[in-house]
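Subject: Structure handover

Hi,

Here is the structure I promised to pass on. Please open it alongside this note.

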2 protein chains.
Amino acid sequence: MALELWWGSGSPYSWRALLGLEYKQIPYVSHLVSFAKQEHKSPELLAMNPRGRVPVLKDGDYVCFESLAILTYLERKYPERPLFGRDPAEAGTIMRVIAEYQAYVEDQLMRIISAILFQGVEERIEEVERAVRVVESEARTIEGRLAKSEWLVGEAFSAADIAVFPGIQILLRALARREAAELRNRLLPLETNYPAIAAWIRRIEALPGYERTYPPHWRE
Amino acid sequence: MALELWWGSGSPYSWRALLGLEYKQIPYVSHLVSFAKQEHKSPELLAMNPRGRVPVLKDGDYVCFESLAILTYLERKYPERPLFGRDPAEAGTIMRVIAEYQAYVEDQLMRIISAILFQGVEERIEEVERAVRVVESEARTIEGRLAKSEWLVGEAFSAADIAVFPGIQILLRALARREAAELRNRLLPLETNYPAIAAWIRRIEALPGYERTYPPHWRE
C-alpha cells in the first residue's frame, strides 16, 4: 500500500513533507486539502490529527504529523538519499540549523508575512520593523553559509534546506504584493542583496519533482 | 578526548543535554556556566556559539549547540540506549511529540514561569489565563498518554521524555513561590490532578545519573 499525504496549498509545513517525499523519490498518494473549505478540520483528518493540521502522513495503520516528524519517519523507513546527514557531525549540524531556524527566525518571518497579508504593515509597523531586523541578520548568516557551499549543511540537499526553503518562498511571494512596496525595496532584489540565497533557491527549484511540491493556488 | 559540555543551572535546554549524556552513560567534562556572571557571553563561548547560548557540546574539533541537535549528535555517535526510537514508527512519533511540545506548549509554559518569576502574575493575568488553559489541556493529553504507558512514546525513556521533562520541573518550582498561590491551587497537587505525570516524574528522578543533571542552584 502506498503512503498517503494530506497537505494544504501554501502551507510551509506541507511543502516540507512534499519536498521530502519527492527528494527521496517515494511514491505517495496525494490528498490536497482545501483550507477554504475547512477540509483540514474534517472528521477524517481530525481522527488522524486531533489538532486538525496538515501535513498528515499515513502508511498503512501508522499515522504521523508535524513536518519534522514526517521527515524523520521517511528517513528511517527509506534511508536512501539521506536528509538528516551522513555522519554524526553532519546530523548534529543539520538539526542545529533546523532548531535555530525554528527558535529564532520562523516566528519573525511569519510575523512579516502575516502583517502583509492580513493585518497591515502600517498598523503593525514597530513589530514588523523588529522582525525585519531579525530576518535581515539571519539572512546574512544564511547568505554567508551559502556563499561557501551549495547547500545549507554539508555537500548535499538536506532536511535543513527543506526546513528553511518554504518560509523564504512564502515571504518572497508576500513581498511581491502592492502593500509591501517599502519592505520589498528594503529587502530585495534578492539577486543583488542575497545572491547566494537566490542561487540556492534556483538550485532547489531545479530538483526533480519540485513542480509537484509548488503550491497549486500560486499558479492561478 | 572526552566530550565537553557547557551548561547553565536551571536552563531547560541544558538539562536536556545532561539527561541525554547521563542516560547514554557517555563520559563528559562538565563546565557549569554562571548566567549571573554572564559567562555564557564569554569570548570562549561566543567563539563556539555566536548566539551566546548554552548548552554547547564540544567533541574534539566538532562543536554543536541547540539541545535537540546535541541529542541528535549523541544518538548518531553513540547509538546504544537509543533516544530517538527503535523503528521508523517510534522515531516518527518521538519527533512528533517533541515538535508538538515545541509548537504548542513550550511558549505557554515559559510565559507562565516568566510571569511568576519576573513580571508578576496579576500584571499579566489575561496572558497567563490563556497560557494556563493551553497548558491544562496539553497536560491532560500527556496524562492520558502516561496513564497507558510508562514513557511518553514506546516502551523506553526517549528524547520525547527529555524534551518535555525540564519545562515541567521548572513550572513546578515556579508554582511553589508565594506569588503563585492561586495558580498553584488550580494546577496542583500534581499527585491528585495528574497522577500519571507525577509517577512519570518520579520514574525519571530515579534514573541513574539524574542527580548530576539536577540544577545545582536549586539545592541552595
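Below is what turned up, starting with the pair of chains and ending inside chain A.

Please keep in mind that this is a predicted model.

**How the chains are related**

Start with the symmetry. A turn of 180° with a shift of 0.0 Å along the axis lays chain B on chain A, at an RMSD of 0.0 Å. That relation is a two-fold axis. Which residue of chain B comes closest to the axis? It is Gln102(B), whose C-alpha lies at 4.6 Å.

The copies meet through the same surface, because 100% of the interface residues of chain B are also interface residues in chain A.

**The interface**

Each side is counted separately: 28 residues come from chain A and 28 residues from chain B. Interface size is often quoted as the accessible area lost when the parts come together. Here the buried area is about 2500 Å². Carbon and sulfur atoms give 58% of it. Three residues stand out on chain B: Arg51(B), Arg76(B) and Tyr104(B). They supply 24% of the area that chain B buries against chain A, more than any other three residues.

Now the polar side. Between the two chains, 16 residue pairs are in polar contact, counting pairs with both residues at pLDDT 80 or more. Which elements of chain B each supply at least two residues to the side that touches chain A? They are strand E4 (62–65), helix H3 (67–77) and helix H4 (88–119). H4(B) gives the most, with eleven residues.

Side chains of opposite charge can pair when their charged atoms come close. Four salt bridges cross the interface of chain B and chain A. Look at the side chains of Glu138(B) and Arg51(A), which meet in a salt bridge at 2.8 Å, N to O. Arg51 thus deserves a look in both chains: Arg51(B) is among the three residues named above for buried area, and Arg51(A) takes part in this salt bridge.

**A salt bridge within a helix**

Over all chains, the whole structure holds 28 salt bridges. One within chain A joins Glu129(A) to Arg133(A), with the closest N and O atoms 3.4 Å apart. The two residues are about one helical turn apart, because they sit four residues from each other in helix H5 (residues 125–148) of chain A.

**The sheet in chain A**

Strands of a sheet pair through backbone hydrogen bonds, either parallel or antiparallel. Chain A has an open sheet of four strands, in the order E2-E1-E3-E4, with mixed pairing. Strand E2 (28–33) and strand E4 (62–65) are the edges, each pairing on one side only. Neighbouring strands are turned by 20° against each other on average, direction ignored.

Work across it from E1. Strand E1 (residues 3–8) and strand E3 (residues 56–59) run antiparallel and are joined by three bridges. Leu5(A) stands opposite Leu57(A) there. Trp6(A) has Val56(A) as its bridge partner in E3(A).

Val56(A) also faces the other way along the order: Phe65(A) in E4(A) stands opposite Val56(A). E3(A) and E4(A) pair in the antiparallel sense over four bridges. How many residues lie between E3(A) and E4(A) in their hairpin? There are two residues between them, and Gly60(A) in the turn has a positive phi of about 65°.

Best wishes

Methods. Residues are numbered from 1 along each chain as its sequence is written. Chains are lettered from A and ligands numbered from 1 in the order in which they are written. This is a predicted model: local features need pLDDT of at least 70, side-chain atom pairs count only at pLDDT 80 or more; totals for chains, interfaces and linings use all residues. Side-chain values use heavy atoms; hydrogens and water are left out. Copies are superposed by least squares on the C-alpha atoms of residues with pLDDT of at least 70 in both. Contact means heavy atoms within 4.5 Å. Two strands pair if DSSP finds at least two bridges between them. Axes are lines fitted to C-alpha atoms, for helices over the stretch in contact, and angles run from 0 to 180 degrees between N-to-C directions. Buried area is the accessible area (1.4 Å probe) that two parts lose on being put together, summed over both. A polar contact is a pair of N or O atoms within 3.5 Å; within protein, one must be able to donate a hydrogen and the other to accept it, and residues adjacent in sequence count only if both atoms are side-chain atoms.
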